[in-house]
Amino acid sequence: MHWDLFCRVVDNFGDIGVCWRLAADLAARGDAVRLWCDDASALAWMAPDGAPGVEVRPWPTEDDTSIDPGEAVIEAFGCRLPEGYLRRMAAREPRPAWINLEYLSAEDYVERNHGLRSPQSSGPASGLDKWFFYPGFSPRTGGLLREPDLARRQSHFHPALWLRGRGIVPAPGERIVSLFCYANPALPALLDALSAAPTLLLVTPGLAARQVRALLGPSSRGALRVHYLPALAQAEYDHLLWSCDLNLVRGEDSFVRAQWAGKPFLWQIYPQDDGAHVAKLAAFHRRFLSAAAPDLAAAVRSASECWNGVAAVSAAAARVTEITLPPPALWPDWQDRCRAWRAHLEALPDLTSSLRAFVLERR
């Protein structure tokens, strides 16, 4: 099939990160993809080699009616398609399958709304149907992005060799932690918690690095050592996650990749002014921790809520002053829970396969 995938970059890398992985995965399965983006600059480091079958195009103007739409059109995360393109879609025969790819959530409404049709009765898209497609964690959703060869690549991966190739040499007994985060008032408390045991903190560029440098500079604190990473392509970021004992991730793309890593992780959810992210975080905890032992579930939920400032909000405190990570005795159980969760997700159809099947049913 020929796909048109539209992506607007709001304020972080998640939108383009998810869209690039989807575009590359579709192309790897033999499809042709045009990725229309209003700011593709992050792809210079995120996907420096591009991908066969993916063509990156600048965002079309509103009145451009010269584009021949693909057989399937993805409107990622509710970005509004240009009116000229909508007119071309409405005039095309057969009409394209039009998909609104939604943000990832574990909330119950996702299962209710996944696959719903939205007939367009007015405007340039009049007569078209738009379909809502939700990623998710259950069979009643579209699943998660997962390349067909992901498990094989992980099984052949050697963390120590990858770390050594980047000049990273952990000391004996050091736990390895990756950090990718938004601006986070809880970071000082997290660094205090990590410094209680021998830890090598691998810090990604951007907001994470700027915050850590402001707090620690190039040095260390207690038993905590810091290594600042360069910008990593998506495949290399996956390797980072596979190499660590604990991954601190954010948003959507790195959150999903941390789950495929099968390692303990804490997720910093994208904060929303109306507090909607608190319910979204709790919904994921209910699914992810449902089969965990009560002591592990309580420990992980507590650390996650503190990392996301939920405790500070509920207590009307200015900031989180303390984060208690699960005690060392629980880390093997935490690891087992993450692997069991990954196995649950692997038993579901992956998002790209689900999306292709959904479109083919509507052609």
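Helix 1 and helix 9 each put at least two residues into the lining of the second largest pocket of this predicted model. Helix 1, which spans residues 14–28, is the biggest giver here, with six residues. The pocket itself has a volume of about 480 Å³. Its wall is made up of 22 residues, and those nearest the centre are Trp 20, Ala 24, Gly 50, Gln 234 and Ala 235. Sorted by class, that wall has twelve nonpolar, two polar and eight charged residues.

Helix 1 turns up again in the largest pocket, where its five residues are the top contribution to the lining. This pocket has a volume of about 920 Å³. As many as 43 residues line it, with Gly 14, Tyr 182, Arg 250, Gly 251 and Glu 252 lying nearest the centre. Two or more lining residues come from each of helix 1, helix 2 (43–46), helix 9 (234–243), helix 10 and helix 11. The class split for this pocket is 23 nonpolar, ten polar and ten charged.

Next come the closed spaces. Searching the whole structure turns up five cavities of 30 Å³ or more. The largest of them holds about 110 Å³ of space. Its lining counts 14 residues, and the ones nearest the centre are Val 18, Leu 145, Glu 252, Val 256 and Leu 351. Glu 252 is thus a name to remember, since the residues nearest the centre of the largest pocket include Glu 252, and so do those nearest the centre of the largest cavity. Helix 1 and helix 10 (253–261) each bring at least two residues to this cavity's lining. Helix 10 has the largest share, namely three residues. Nine of the lining residues of the largest cavity are nonpolar, one is polar and four are charged.

The second largest cavity has a volume of about 50 Å³. Around it sit Phe 265, Leu 266, Trp 267, Leu 281, Phe 284, His 285, Phe 288, Val 300 and Ser 304. Strand 12 (265–268), helix 11 (276–288) and helix 12 (294–307) each offer at least two of these lining residues. Helix 11 takes the largest share with four. No charged residue appears in the lining of this second cavity, which divides into seven nonpolar and two polar.

The helices around these spaces also pack against one another. Helix 1 meets helix 15 (residues 351–361) at an angle of about 70 degrees, and their axes are 10 Å apart. Helix 1 is therefore roughly perpendicular to helix 15, as angles from 65 to 115 degrees are counted that way. The crossing of this pair is right-handed. On the helix 1 side, the contact uses Leu 22, Asp 25 and Leu 26, while helix 15 answers with Leu 351, Thr 352, Leu 355 and Arg 356. The residues of this contact comprise four nonpolar, one polar and two charged. Leu 351, part of the contact with helix 1, is also among the residues nearest the centre of the largest cavity.

Helix 10 has a crossing of its own, with helix 14 (residues 331–346): their axes come within 8 Å and cross at roughly 105 degrees. Helix 10 is therefore roughly perpendicular to helix 14 as well. Gln 259, Trp 260 and Ala 261 of helix 10 touch Trp 341, Arg 342, Leu 345 and Glu 346 of helix 14. Four nonpolar, one polar and two charged residues make up this contact.

Two details of the backbone round off the picture. Phe 77 is not a glycine, yet has a positive phi of about 60 degrees. Phe 77 sits in the loop between strand 4 (72–76) and helix 3. On the other side of helix 3 (83–91), in the loop that leads to strand 5 (97–101), lies Pro 94. The peptide bond between Glu 93 and Pro 94 is cis, with an omega of about -5 degrees.

Notes. Residues numbered from 1 in each chain as written. Predicted model: local features only at pLDDT ≥ 70, side-chain atom pairs only at ≥ 80, totals over all residues. Heavy atoms only, no water. Axes fitted to C-alpha atoms, helices over the stretch in contact; angles between N-to-C directions. Parallel < 35°, antiparallel > 145°, perpendicular 65-115°, else oblique. Left-handed = near helix turned anticlockwise from the far one by under 90°. Contact = heavy atoms within 4.5 Å. Nonpolar A, V, L, I, M, F, W, Y, C, P; charged D, E, K, R; others polar. 1 Å grid on protein atoms, 1.4 Å probe; cavity = no way out; pocket = protein on both sides within 12 Å on 5 of 7 lines; lining within 4 Å. Points joined across faces, edges and corners; volume = space filled by probe spheres on them.
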